[in-house]
Amino acid sequence: MRSFVTIPAVLVLVLASGPASRSDAAEKSPPAKAAPAKAAAAKTPAKAAPARTAESFTRVLTRLGLEHEVSRDDEGGFAIYYKKNGYNVGLYPYKDSKGLVDSYQFQAGFETKKEGLEKSVAEWNDGKRFARAVVRDDGDPEIRYDVLVVRCGFETQLEEEIDLFQLLLEEFGAHLPSE
């Protein structure tokens with residue numbers, strides 16, 4: 001359930017009120033003139049989003065010491081596969097309408113066909129909102145974790161998400177029914 005904080009109207013009025021009288025306003029120095037919005041925007045060049053290429057993804061994986069492989073398709077898209085602590089992970093970048101990578105998805109499957117698997121996956125999805133589990137057509141479970149790319153600090157974000165996905169893999173593996 002969501003809760004909302006209410007701000008008393010008195011506080012809003014105090015914050016919004018100006019000087020108590022004209023004489024108070026005259027004693028204060030005049031405010032600096034603000035540049036028109038268009039002029040300010042023209043002076044500040046727009047920062048281009050950092051390139052998020054296969055190379056930028058693999059640079060992070062290399063720095064982390066993770067063996068990896070890049071697979072490219074005919075349309076210029078790519079996927080990256082790596083292994084960490086015994087888990088095989090697929091990393092699938094998605095591009096926006098401008099052709100820039102704006103999100104990516106981690107995926108990892110588990111080779112197990114145990115009794116109660118579908119119930120276990122449903123319980124995971126009901127209780128965990130940060131990663132989704134599915135049972136693939138071959139009957140094995142798979143966990144998927146989607147990430148939106150932030151505007152800056154892409155490589156740091158990717159390093160943190162790789163670590164987080166590793167924790168999710170371990171937690172999901174422990175959640176699956178035992179033999």
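Select Lys-84 to begin: in this predicted model, Lys-84 is buried, with a relative accessible area of 15%. That value lies under 20%, the cut-off for buried, which is why the residue is classed in this way.

Next, add Asp-163 to the selection and display both side chains. Asp-163 and Lys-84 form a salt bridge, and their closest N and O atoms are 3.0 Å apart. The pair joins distant parts of the chain: Lys-84 belongs to strand 2 (residues 78-84), whereas Asp-163 belongs to helix 6 (residues 154-175), and 79 residues separate the two. Is Asp-163 buried or partly exposed? Asp-163 has a relative accessible area of 41% and is partly exposed, while its partner Lys-84 is buried.

How many salt bridges does the structure hold? The total is eleven. Side chains of opposite charge can pair when their charged atoms come close.

For a further group of such pairs, select Arg-136, Asp-138, Asp-140, Glu-142 and Arg-144. Salt bridges link these five residues in a network. Centre the view on Arg-136, which is partly exposed at 26% relative accessibility. From Arg-136, two salt bridges may be traced in turn:

- Toward Asp-140, the N to O distance is 3.6 Å. Asp-140 is buried, with a relative accessibility of 4%.
- Toward Glu-142, the N to O distance is 3.5 Å. Glu-142 is also buried, and its relative accessible area is 7%.

Arg-136, itself partly exposed, is thus seen to meet two buried partners, Asp-140 and Glu-142.

Now return to helix 6, the element that contains Asp-163, and select helix 5 (residues 117-127) together with it. The two helices pack with their axes 10 Å apart, at an angle of about 135°. How are helix 5 and helix 6 oriented to each other? They are oblique, because an angle of about 135° falls between the range of 65 to 115 degrees for roughly perpendicular and the limit of 145 above which helices count as roughly antiparallel. The crossing of helix 5 and helix 6 is right-handed.

Finally, show the side chains where these helices meet. On the helix 5 side, select Ser-120, Val-121, Glu-123 and Trp-124. On the helix 6 side, select Leu-168, Glu-171, Phe-172 and His-175. Which kinds of residue make up the contact of helix 5 with helix 6? Four are nonpolar, two are polar and two are charged.

Note on methods. Residues are numbered from 1 along each chain as its sequence is written. This is a predicted model: local features need pLDDT of at least 70, side-chain atom pairs count only at pLDDT 80 or more; totals for chains, interfaces and linings use all residues. Side-chain values use heavy atoms; hydrogens and water are left out. A salt bridge is a side-chain nitrogen of Lys or Arg within 4 Å of a carboxyl oxygen of Asp or Glu. Helices (H or I, at least four residues) and strands (E, at least two) are DSSP runs, numbered from the N terminus. Buried means under 20% relative accessible area, exposed over 50%, partly exposed in between (1.4 Å probe, protein chains only). Axes are lines fitted to C-alpha atoms, for helices over the stretch in contact, and angles run from 0 to 180 degrees between N-to-C directions. Angles under 35 degrees count as roughly parallel, over 145 as roughly antiparallel, 65 to 115 as roughly perpendicular and the rest as oblique. A crossing is left-handed if the near helix is turned anticlockwise from the far one by less than a right angle, and right-handed if clockwise. Contact means heavy atoms within 4.5 Å. Ala, Val, Leu, Ile, Met, Phe, Trp, Tyr, Cys and Pro count as nonpolar, Asp, Glu, Lys and Arg as charged, and the others, Gly among them, as polar.
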